[in-house]
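The exercises below ask for a careful reading of helix packing, strand pairing and local backbone geometry. Each task is followed by a solution that proceeds step by step.

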Amino acid sequence: EGRTFWSEYTDHIYVDGEIAFCVEPGQLVDANASYSPSRYNSAQRNTIEDIAYVGWELSNKTDEDYIATQYMIWEALGATLNSTSYSGYSAKKRQIQNKIDLLFNTDPSFAGETVNLKVDESITLTDTNGVFQYYSQTSRSTGLTVSKSGNRLTISASPNAPENASVTYQLVKEDCVGTTMLYSAVGSQDVVTAKKSDPGELTIRLNVEKYGSLKIAKQDEDGAYVPNTSFRLSANADMSDPIGTYTTGSDGTVTINDLTPDTYYVQETAVPDHLVLDPTVHSITVQANQTATFTARNNWKKGRVLIRKTDQDSGKQVAGAVYAIYDADDDQEVARLTTLADGYATSDYLRFGSYYVKEVIAPDGYILNDTKYPVTITENEQKIEVSGVDERVRGSIRIEKVDSVTGDIAQGDATLVGAKYGLYAREAILDPADQAVIYEKDALIAELTIDEERQASIDDLYLGTYYLKEIEPSEGYTLDE
């Protein structure tokens, strides 16, 4: 150390077939010396290893490359180069030192990152520090495809790649990794075969996104999204060994993540009370890095109201009664129907819910019955019968007997009491329920007898046209025909 030396040129030194460098500047080589190897433990060992690797191993291995490397090693050991015929040494030395500073003090810009990589897609990493071009691949996980171009690294993953994958590179060439050995002999210069003990390993860790997702949406027949609907998911068409049961949220959807690419089967298991359960098994294909979608659309439960209209007295079915159906929650009319000749009327389908039925127009000859009949649709295809009865419109006739001359006082020994009148149908009297003839034209319907109040009456008559005819006069009077 501390020596000043002059060199015209330096021959290449080899030990056991490997290139070697002198670490004892100024000492001559004794070709007949007996060398013994040992581990090189100089304080400048790391520096010498860096110089030897960059100056020689990464060079074109020309005589100038060897000379420059040897000179730098001598200078690293404290020697001073006095003069040399190699005029390009200063420039070469700067070039080597700059590369040493770059390689062994700077990592690739993406070092230490964990990269998210989707299956069947690729990602390219670019080293903006410019050192990755010197790295060589040493290993990679199964299922990864890797290509390197200068400072750019492109990686893609197939479905069989592990979820946590990696690619490993190292800065130092494989055959340059090892232990630097010193070869020394009495009376001859010491030389070393320089190796890098630290290969400069770089591991790029990959989070392989190899799973897909399934989004299930639930809608009713109007397209409105429905929460609280449950679906069973299985990898088997018979729904055995289900993966799980999933329920739609407030937005009417549920997403199942982390599914390996495959065909899955979905079956509805529970729906809100107002919908019809659809137990059909559906198949869906899930692909990596994609969200498959399945939309289940269900019908509302619907039922019908059957109205039967009868006559309160006869029990006969009555046509022509108009009924309205109202929503029980807001009293809005939702349907209107009229009983037919058989006395029945059937509504169109009504959705699940509570309603009430009320007569709004009575048939001819009947009094309107405003009773509210509650009905609730709870099952699909449900049919609810409502029996409504109407009271007939009734008429009455009252007769008052008077004397044509004296009015309400009979003449002499005569009496106004006891006269009998017949009530007859002027036209045929019809049953308002079915228009059946109850009394033929001119048929005697009833006999009325004048009482002590000079009156007679009859009630509960069907609507129609009648006439009265005296059939037996009271004492002291002649028959009024």
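**Exercise 1. In what order do the strands of the open sheet of three strands run, and what sense does their pairing have?**

Solution. The model is a predicted one, and in it the open sheet of three strands has the order β35-β32-β37, with antiparallel pairing. The next step is to find the edges, which are β35 (444-449) and β37 (466-472), since each of these strands pairs on one side only. From one strand to the next, the twist averages 25°. Turning to a single pair, strand β32 (residues 420-425) and β37 run antiparallel and are joined by six bridges; within this pairing, Gly422 stands opposite Lys469 in β37.

**Exercise 2. Determine how far helix α1 is enclosed, and identify the elements against which its buried residues pack.**

Solution. Begin with the burial count: eleven of the 13 residues of α1 are buried, so the helix is largely enclosed by the rest of the structure. The buried set consists of Arg45, Ile48, Glu49, Asp50, Ile51, Ala52, Tyr53, Val54, Gly55, Trp56 and Glu57. As for the partners, the buried residues of α1 pack against β3, α2 (63-76), α3 and β13 (188-193).

**Exercise 3. Describe the packing of α1 against α2 and against α3 by angle, axis distance, handedness and contact residues.**

Solution. The general scheme is that two packed helices are described by the angle between their axes and the distance between the axes.

Step one concerns α2. The axes of α1 and α2 are 9 Å apart, and the helices pack at an angle of about 165°; because angles over 145 degrees count as roughly antiparallel, α1 is roughly antiparallel to α2. This crossing of α1 and α2 is right-handed. On the α1 side the contact involves Thr47, Ile48, Ile51, Ala52, Gly55 and Trp56, which meet Asp65, Tyr66, Thr69, Met72, Ile73 and Ala76 in α2. Sorted by class, the contact of α1 with α2 has eight nonpolar, three polar and one charged residues.

Step two concerns α3. The axes of helix α1 (residues 45-57) and helix α3 (residues 89-105) come within 9 Å and cross at roughly 110°, which makes α1 roughly perpendicular to α3. The crossing of α1 and α3 is right-handed. Here Asp50, Ile51, Tyr53, Val54 and Gly55 of α1 make the contact with Ile96, Lys99, Ile100, Leu103 and Phe104 of α3. The residues of the contact of α1 with α3 divide into seven nonpolar, one polar and two charged.

**Exercise 4. Which residues of the neighbouring strands stand opposite Arg232?**

Solution. First place the strand: four of the five residues of β16 (residues 230-234) are buried, so β16 is largely enclosed by the rest of the structure. Next, list its pairings. β16 and strand β17 (residues 244-247) pair in the antiparallel sense over four bridges, while five bridges join β16 to strand β19 (residues 262-270), again with the two strands running antiparallel. Finally, read off the residue partners: in β17 the bridge partner of Arg232 is Thr245, and in β19 Arg232 stands opposite Gln267.

**Exercise 5. Is Val172 buried or exposed, and which residues does it touch?**

Solution. Val172 lies in the loop between β11 (164-170) and β12 (181-185), and it is buried, with a relative accessible area of 1%. Leaving aside residues up to four places away in sequence, Val172 touches Tyr53, Val177, Lys196, Asp198 and Pro199. One of these, Tyr53, also belongs to the contact of α1 with α3. For a distance across the model, take Val172 and Asp251, which are 79 residues apart in sequence and 57 Å apart in space, C-alpha to C-alpha.

**Exercise 6. Where do Asp16 and Asp258 lie, and what is the sign of phi at each?**

Solution. Asp16 lies in the loop between β2 (13-15) and β3 (18-22), and although it is not a glycine, Asp16 has a positive phi of about 50°. Asp16 is exposed, with a relative accessible area of 69%. Asp258, by contrast, is found in strand β18 (residues 253-259); it has a positive phi of about 55°, although it is not a glycine. Asp258 is exposed, with a relative accessible area of 61%.

Note on methods
Residues are numbered from 1 along each chain as its sequence is written. This is a predicted model: local features need pLDDT of at least 70, side-chain atom pairs count only at pLDDT 80 or more; totals for chains, interfaces and linings use all residues. Side-chain values use heavy atoms; hydrogens and water are left out. Axes are lines fitted to C-alpha atoms, for helices over the stretch in contact, and angles run from 0 to 180 degrees between N-to-C directions. Angles under 35 degrees count as roughly parallel, over 145 as roughly antiparallel, 65 to 115 as roughly perpendicular and the rest as oblique. A crossing is left-handed if the near helix is turned anticlockwise from the far one by less than a right angle, and right-handed if clockwise. Contact means heavy atoms within 4.5 Å. Ala, Val, Leu, Ile, Met, Phe, Trp, Tyr, Cys and Pro count as nonpolar, Asp, Glu, Lys and Arg as charged, and the others, Gly among them, as polar. Buried means under 20% relative accessible area, exposed over 50%, partly exposed in between (1.4 Å probe, protein chains only). Two strands pair if DSSP finds at least two bridges between them.
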